[in-house]
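Please open the model in your viewer with the backbone drawn as a ribbon, and keep a selection command to hand. The tour below goes from one selection to the next and says what is to be found at each stop.

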Amino acid sequence: MPFPLKSVRATYPALADGHAYLDGAAGTQVPQTVIDAITTAYRTGIGNVGGAFPASHRSDAIVAACRAAVADLVGGRPGGVILGPNMTTLTYRLARALTGPGDEVVLSRLDHDANVRPWTQTGATVRWAEVDPVTGELPVEQYAGLINERTKVVAVTAASNILGTRPDVPAIAELAHQAGALVYVDGVHATPHGPVDMRALGADFYATSAYKWSGPHIGAVVADPALLETIRPDKLASSPDTVPDRFETGTAAFADLDGVTAAVDHLACMVPGAGSRRERLLASMAAAEEHELELFGALIEGLETMSHVTLYGKPARRTATAYFNVSGHTPRQVAEHLARLGVNVWNGHNYAWELTGLLGIRDTGGAVRAGLVHYNDRSDVDRLLEGVARLG
Ligand SMILES: Cc1ncc(COP(=O)(O)O)c(C=O)c1O
C-alpha cells in the first residue's frame, strides 16, 4: 500500500507554515486529532485518578486507554506500560531500581546519553560495546566478551539518534538472556520509523517517547507485568504499590495522556486498512518506513555528490537520519543558513555524547542532523540539498 502523503500532511496544522520540518528526530509536529484530544479532555473536565466522581473516572479511563494504545504500538501488554514525563526520567528510575554497586551493566557508545548516564551513575561496573567510527555499526560479536554471569542489564538502542544505525538488537538480547541479564532497549529514535515488536527485539524493557511520534511530551517504558512484579522502585509510602503504578511518581499529565492515545490512533489510521489497531499500526508504519527510506535515498545521494560535505556513518540498516558537516562552516552556521531558507535542521551533539566523542566532533559543535519522518516530502529534501549546495 503506497503511503498517502498528501492526506497525511494535511492532518498536521503546523506544516502549513511552509517550513521543511527536518528536525523530527528532536520532536515531531502533532496532528489535529492530538490537539483536539488534549483540549477536549480539559474542556470536558478531568480530575485526579481514583475518585468517586465522573471527572475522576474520566481520568481513570484516559490512563487505561493510554496504556492500551502504547502497548499496541510496541507489541507489549497494557499492564506493563509505565507512563511518565519523558524517557530520561523513567530510565533514571529503572536504572536505580535494577542496578547498583556489585552489578555489571553493558552499555554502548552508539546510545543517546539517556540510555548511558542513568546506568553509569548507580555504582554498577560498566563494560562498553564499541562502535565502528567509519560505518557507524555496533558489532554484535563483541558482546560475547562483555556479558558474564555478573551482568545485570544490557542497555542498547534500537536506533542511533544521529547516524540512524539499527543494531542487531535480537542477537544482542539472545546473548544477554543466555547469561541471565535483562535487556533495556531505547526505542525513542526507532519507534517513529517503522513497525515495532518489542518481543521480537528481545527487549525486557522498551522505552519510547510520544513526542517523537506525533504525540505530546510523554515518555513510556514497557515491560512484562510479571517482570515488573519482581522489581521494587523507590516510591512514596502513600502511593499505590500495584504494577505498573508503583513505577510512576506523582500526578500524571492526564490530558496529555489522552493526546498519546490519539497519536497512536493517528499512526494506525495513516494508511487505510482493516483489522485490530495493532495490525493497522504494523501496516501503516511499514508503509511510512518505505516512504521515508525512499526519500532518504535521494537525500543521501544528493549529499554524497557534494565535495564540501562530510557524512558520518554508513550503516547497513538505518532510519532516515543524516548527520553531516559542511567544510568552512560550523554546524550552527549551517543550521542558521538553512533556517533562513525555511529548512529546520538540528545542530550539535544531540546528546549522543559517547558517539560524537568517538567521532571527534563533540567539542567542535558536533554536526548537522537532518532527519526525515513520515510527513516529509520530496520538496523538503530538495530544499535541504539546494541550501547545502549553496555553501559549497
Ligand atoms: C535515542 C533517544 N533516546 C532517548 C532520548 C531522550 O528522550 P526524552 O526526551 O523522552 O527523555 C532521545 C531524545 O532525543 C533520543 O533521541
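Begin with the open sheet of four strands, whose order is 9-10-13-12 and whose pairing is antiparallel; strands here are DSSP runs (E, at least two residues) and helices are DSSP runs too (H or I, at least four residues), both numbered from the N terminus, and two strands pair if DSSP finds at least two bridges between them. The edge strands are strand 9 (309-311) and strand 12 (346-348), each of which pairs on one side only. From one strand to the next the twist averages 35°. Strand 12 and strand 13 (residues 367-371) run antiparallel and are joined by three bridges, and if you select Gly-348 you will find it opposite Ala-367 in strand 13.

A word on the source is useful before going on. This is a predicted model, in which local features need pLDDT of at least 70 and side-chain atom pairs count only at pLDDT 80 or more, while totals for chains, interfaces and linings use all residues. Residues are numbered from 1 along each chain as its sequence is written, and side-chain values use heavy atoms, with hydrogens and water left out.

Next, select strand 5 (residues 151-157), which is largely enclosed by the rest of the structure because six of its seven residues are buried; buried means under 20% relative accessible area, exposed over 50%, and partly exposed in between, with a 1.4 Å probe and protein chains only. Strand 3 (residues 104-108) runs parallel to strand 5 and is joined to it by three bridges, with Glu-104 opposite Thr-151. Strand 5 also pairs in the parallel sense with strand 6 (residues 182-186), over five bridges, and there the bridge partner of Thr-157 is Asp-186.

Now add helix 7 (residues 169-178), which together with strand 5 and strand 6 makes a right-handed β-α-β unit; right-handed means that, with the strands pointing away from the viewer, the path from the first strand over the helix to the second runs clockwise. Within helix 7, pick out Ala-176, which counts as buried because its relative accessibility is 0%. Leaving aside neighbours within four places in sequence, Ala-176 is in contact (heavy atoms within 4.5 Å) with Ile-147, Val-154, Ala-181 and Val-183.

Which two residues touch the most other members of the largest nonpolar core? They are Tyr-143 and Tyr-206, in a core of 77 residues, where a nonpolar core is a set of buried Ala, Val, Leu, Ile, Met, Phe, Trp, Tyr and Cys residues joined through side-chain atoms within 4.5 Å. Helix 10 (residues 254-269) gives the most to this core, with nine residues. A second, separate core of 27 residues includes Leu-295, Ala-322, Ala-335 and Val-343.

Finally, show helix 10 with helix 11 (residues 277-304): the two pack at an angle of about 60° with their axes 7 Å apart, the axes being lines fitted to C-alpha atoms over the stretch in contact and the angles running from 0 to 180 degrees between N-to-C directions. Among the residues making the contact are Thr-261 and Val-264 of helix 10 and Arg-277 and Leu-281 of helix 11. Also in helix 11 is Ala-283, which counts as partly exposed because its relative accessibility is 46%.
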